[in-house]
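Me: Could you take a close look at one part of this model for me? I'd like a single residue first, then whatever else is worth a mention.

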Amino acid sequence: MNPITIEELEQKKADDIIVLDVRNREDFSKGSMEQAINIPMEEFPDEIQSIEKGKPVYVLCYTGDRSLEIVEMLEEAGYEAANIIGGYRSFLRIQLSRFLAEEDQKQEKTKQIERSIIKKFRKPIWRKFTKAINEYQLIQEGDKIAVCISGGKDSMLMAKLFQEIQRHGKMNFELVFLVMNPGYNEENWKIVQDNAEILGIPLTVFNTEIFDIVATVDKSPCYLCARMRRGYLYSYAKELGCNKIALGHHFDDMIETVLMGMLYSGKIETMMPKLHSRNFEGMELIRPMYMIKEEAIKAWRDYNQLHFIQCACRFTENCASCGGGQGSKRDEMKALVEQFRKTSDVIETNIFKSVHNVNLSTVIGYQKDGEKHSFLDEYNQ
């Protein structure tokens, strides 16, 4: 059968067709087409026989690319099968557009999201946010902060938290909600903008061609992309008169960084809650989500039935979003932390605390400002 668009699929009677969502179970649980059934890609071809025969099967992945493999498998097994063009991302974009067409509905949704931060998620999110700001002195009177938004759950929540603390806090500071478009595809870019509108976040946008540049790089393109994006954000934020940029790294990012340093680099280092920029004088990077656990961010997202882009990268989204591809070192650390959680409920917190409570009297060696030091330097003094 020929590929089909979301709009064309919606015209068909639900009882006459099968919509097969092949994303992983976690992504499916957060939202899909109303009549869809879920069989993750990794369960094929073993689970083909569980699909009813006699009805056309329309296959949905995140982007509409990897589902083509399943269509071929189904056709070889004797099914009538077709690919859904654009996948779940296209469905999400259409749903968001329809939602935004109802102004009253949109305004009530924004208020609901804001209330949930202060009430429903006061302890795991709001208090952790304000504690990090106070404990690490992340905001000062007169700051102008570029809140950097990628379009994912972390940075979008961070933007709302900044709005709330500006509204309810005691200090006077300015905010710019800064979004860099490094070359997102049109679907992802539309989803980013629509989610910002639902959340009530006024975006300041600038465009770059980073994705086009790194597309020609064979060695460490992800590293280069990250460095370039950070540099562009600093540069543009400074042009706007900002003295700080805020990034949405959270508690899990921090402890994963500690573990990666120990296990793969043979050193103890962490992701700092704030840093002075070495290349942009007068600029500072802050991480106000530092104490917020990822599980709390996911819970906030799901409670409010929000759906953000899963992978903004134009080159890796097809595998990452549909559950395929090879995992990164950070993915390994995420899996390791998950095992720790099953073993004990204090391990992850103790990893976090450990880099706040370093006992230099028991450290064999350390580095500061590029200079190495040893316990022997003072041993016989």
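**A close look at Asn 181**

Reply: Let's start with Asn 181, which sits in strand 6, the stretch covering residues 174-181. Keep in mind that this is a predicted model. Is Asn 181 buried or exposed? Its relative accessibility is 10%, and since buried means under 20%, Asn 181 counts as buried. As for its company, leaving out residues up to four places away in sequence, Asn 181 touches Trp 189, Phe 206, Asn 207 and Thr 208.

Now for the second largest pocket, which has a volume of about 310 Å³. Its lining is made up of 15 residues, and those nearest the centre are Gln 95, Leu 96, Phe 99, Gln 305 and His 307. Two elements give two or more residues to that lining: helix 4 (87-100) and helix 8 (186-199). Helix 4 gives the most, with six residues. If you're thinking about chemistry, the lining of this pocket splits into seven nonpolar, six polar and two charged residues.

Last, helix 7, residues 153-168. What span should its 16 residues have? At 1.5 Å a residue they should cover 22 Å, and the end C-alpha atoms of helix 7 are 23 Å apart, so the two values agree. Helix 7 is also mostly covered, with 13 of its 16 residues buried.

Technical notes
Residues are numbered from 1 along each chain as its sequence is written. This is a predicted model: local features need pLDDT of at least 70, side-chain atom pairs count only at pLDDT 80 or more; totals for chains, interfaces and linings use all residues. Side-chain values use heavy atoms; hydrogens and water are left out. Helices (H or I, at least four residues) and strands (E, at least two) are DSSP runs, numbered from the N terminus. Buried means under 20% relative accessible area, exposed over 50%, partly exposed in between (1.4 Å probe, protein chains only). Contact means heavy atoms within 4.5 Å. On a 1 Å grid over the protein atoms alone, a cavity is a set of points where a 1.4 Å probe fits but cannot get out, and a pocket is an open set with protein on both sides within 12 Å along at least five of seven lines; lining residues have an atom within 4 Å of a point. Grid points are joined across faces, edges and corners, and a volume is the space filled by probe spheres set on the points. Ala, Val, Leu, Ile, Met, Phe, Trp, Tyr, Cys and Pro count as nonpolar, Asp, Glu, Lys and Arg as charged, and the others, Gly among them, as polar. The expected span of a helix is 1.5 Å times one less than its number of residues.
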